[in-house]
Each structure stands twice: as C-alpha cells, then as structure tokens.
Amino acid sequence: GVKTELASIRQEINNTPILNREFLKQEIKNNLQNNTYQIVHFATHGVFSSNLEDTFILTYDDRININELDSFLQGNRKIDLPIELLVLSACETALGDERAVLGLAGVAIKAGARSTIASLWSVSDDASALLMITFYRELAQGNITKSEAFRRAQLAVLNQMEFSDPYFWSGFVMLGNWL
C-alpha cells in the first residue's frame, strides 16, 4: 500500500517521494542533510531494540541504524528549523522493549523532530493508507492542529465498516508536540 499511500499524500501536500529502488541509504542521507523538510514520512519497516545494533529502518539497499538516523535527522535542522513532523507508518515503529518503551518514534523525538506518528503493532496496509491519506488531507486544510487532524483521520477509518475494529484505527500514536 506504500505507493498508493504516497501518491495520495502527494495530492494533499507538496512532497518528494523516494520509492523502491531509489529508496537508498545514501539518497535518504543526502536528502535529509541537504534539504530542510517540515515533514518527513517513512513508509518502511523498522525494528527497535534496546540493543543499538538491532535498531534500524530498512532501505532498498541497506539499513539505517539508529545512530545514523539520529545524525540524518539532526542534519536537517538548518537555520534552527526542526522537522515539525516525522511519520513512521510501518508496523511496530512505536514499539520498544522493557528498557526503551518509545521505539523508533522516541528516537526521532530525541533527534529533534517536534512530533512523531508511529505504530504500536502490526497494522493493516489498507487501513494505514486510509489513515495517513486522511491525516494529510485534514492537515493540508490549515488552521488545524496535528492532533485534531490525526483524530479526524482515526474517525474516518473507524467509520469504514471494514475498519471499525480498534485494531485498524487505534494502532498509531502521536508523540511530542500535538499543535
């Protein structure tokens, strides 16, 4: 569902998707360190553990380990403009372990992203795509907080008969600044 998710989001906000064979570690590093982004959206799998060697997000050609992700995200902070929102829309990106409960989302906040949206469990591709598309559509309207846009997106998923179970709409959490 990544291609559909990102194509639909592109209709709502100006973005530069990097997909599939172009989603390379060096490309991500270059983009984050040489450009200033208000929003960064990763629709890729990641694993978080209190063991740093086992904490990463996947690219097409490699892994971005936790220290690299921290460095890449901090490289984006040109002119003291933080990343306003980092979205990790794949499975279990907010899931940590007994020693580090916030997962990759917590690391993103530590690296300077003001807000992070991430998932607590293995999520449905279709429901997640609907949630993300609706979230960005609401956010693009302006004069709305991230938390209100997120709440409206959750309601939109909840109101779909096939996604009314909380498994589909409640797996994502927002950390950090909700405004």
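A residue counts as exposed when its relative accessible area is over 50%, and as buried when that value is under 20%. Keep those cut-offs handy for the exercises below, and remember that this is a predicted model.

**Exercise 1. Work out whether Asn-20 is buried or exposed, and say what its phi angle looks like.**

Solution.
- Step 1: Find the residue. Asn-20 sits in the loop between H1 and helix H2 (25–34).
- Step 2: Check its accessibility. The value is 52%, so Asn-20 counts as exposed.
- Step 3: Look at the backbone. Asn-20 isn't a glycine, yet its phi is positive, at about 45°.

**Exercise 2. Do the same for Asn-143: where is it, and is it buried or exposed?**

Solution.
- Step 1: Asn-143 belongs to the loop between H5 and helix H6 (146–158).
- Step 2: Its relative accessibility is 89%, so Asn-143 counts as exposed.
- Step 3: Asn-143 also has a positive phi, about 50°, although it is not a glycine.

**Exercise 3. Sort out the two faces of helix H1 (residues 2–12): which residues are buried, and which exposed ones point the other way?**

Solution.
- Step 1: Pick out the buried residues of H1. They are Glu-5, Leu-6, Ser-8 and Ile-9.
- Step 2: Ask why they share a side. These residues span an arc of only 165° around the axis, which puts them on the same side of H1.
- Step 3: Turn to the opposite face. Lys-3, Thr-4 and Gln-11 are the exposed residues carried there, away from the buried side.
- Step 4: See what does the covering. Strand E1 (39–42) and helix H5 (125–140) are included in what covers the buried residues of H1.

**Exercise 4. Describe the largest pocket: what is its volume, and what lines it?**

Solution.
- Step 1: The volume of the largest pocket is about 860 Å³.
- Step 2: Its lining has 37 residues, and Leu-6, Ile-18, His-41, Phe-42 and Ala-43 are the ones nearest the centre.
- Step 3: Split the lining by type: 22 nonpolar, 13 polar and 2 charged.
- Step 4: Trace the lining back to the elements. H1, H2, E1 and H5 each give at least two residues to it.

**Exercise 5. Zoom out: how many helices and strands does the chain have, and what share of its residues is buried?**

Solution.
- Step 1: Count the elements: 7 helices and 7 strands.
- Step 2: Read them in order along the sequence, and you get α-α-β-β-β-β-α-β-α-β-α-α-α-β.
- Step 3: Of the chain's 179 residues, 45% count as buried.
- Step 4: Check the surface. About 9300 Å² is exposed, with carbon and sulfur atoms supplying 50% of it.

How values were computed
Residues are numbered from 1 along each chain as its sequence is written. This is a predicted model: local features need pLDDT of at least 70, side-chain atom pairs count only at pLDDT 80 or more; totals for chains, interfaces and linings use all residues. Side-chain values use heavy atoms; hydrogens and water are left out. Buried means under 20% relative accessible area, exposed over 50%, partly exposed in between (1.4 Å probe, protein chains only). Helices (H or I, at least four residues) and strands (E, at least two) are DSSP runs, numbered from the N terminus. The arc is that of the directions from the helix axis to the C-beta atoms. Contact means heavy atoms within 4.5 Å. Accessible areas come from the Shrake-Rupley method with a 1.4 Å probe; for residues, only the protein chains shown count as cover. On a 1 Å grid over the protein atoms alone, a cavity is a set of points where a 1.4 Å probe fits but cannot get out, and a pocket is an open set with protein on both sides within 12 Å along at least five of seven lines; lining residues have an atom within 4 Å of a point. Grid points are joined across faces, edges and corners, and a volume is the space filled by probe spheres set on the points. Ala, Val, Leu, Ile, Met, Phe, Trp, Tyr, Cys and Pro count as nonpolar, Asp, Glu, Lys and Arg as charged, and the others, Gly among them, as polar.
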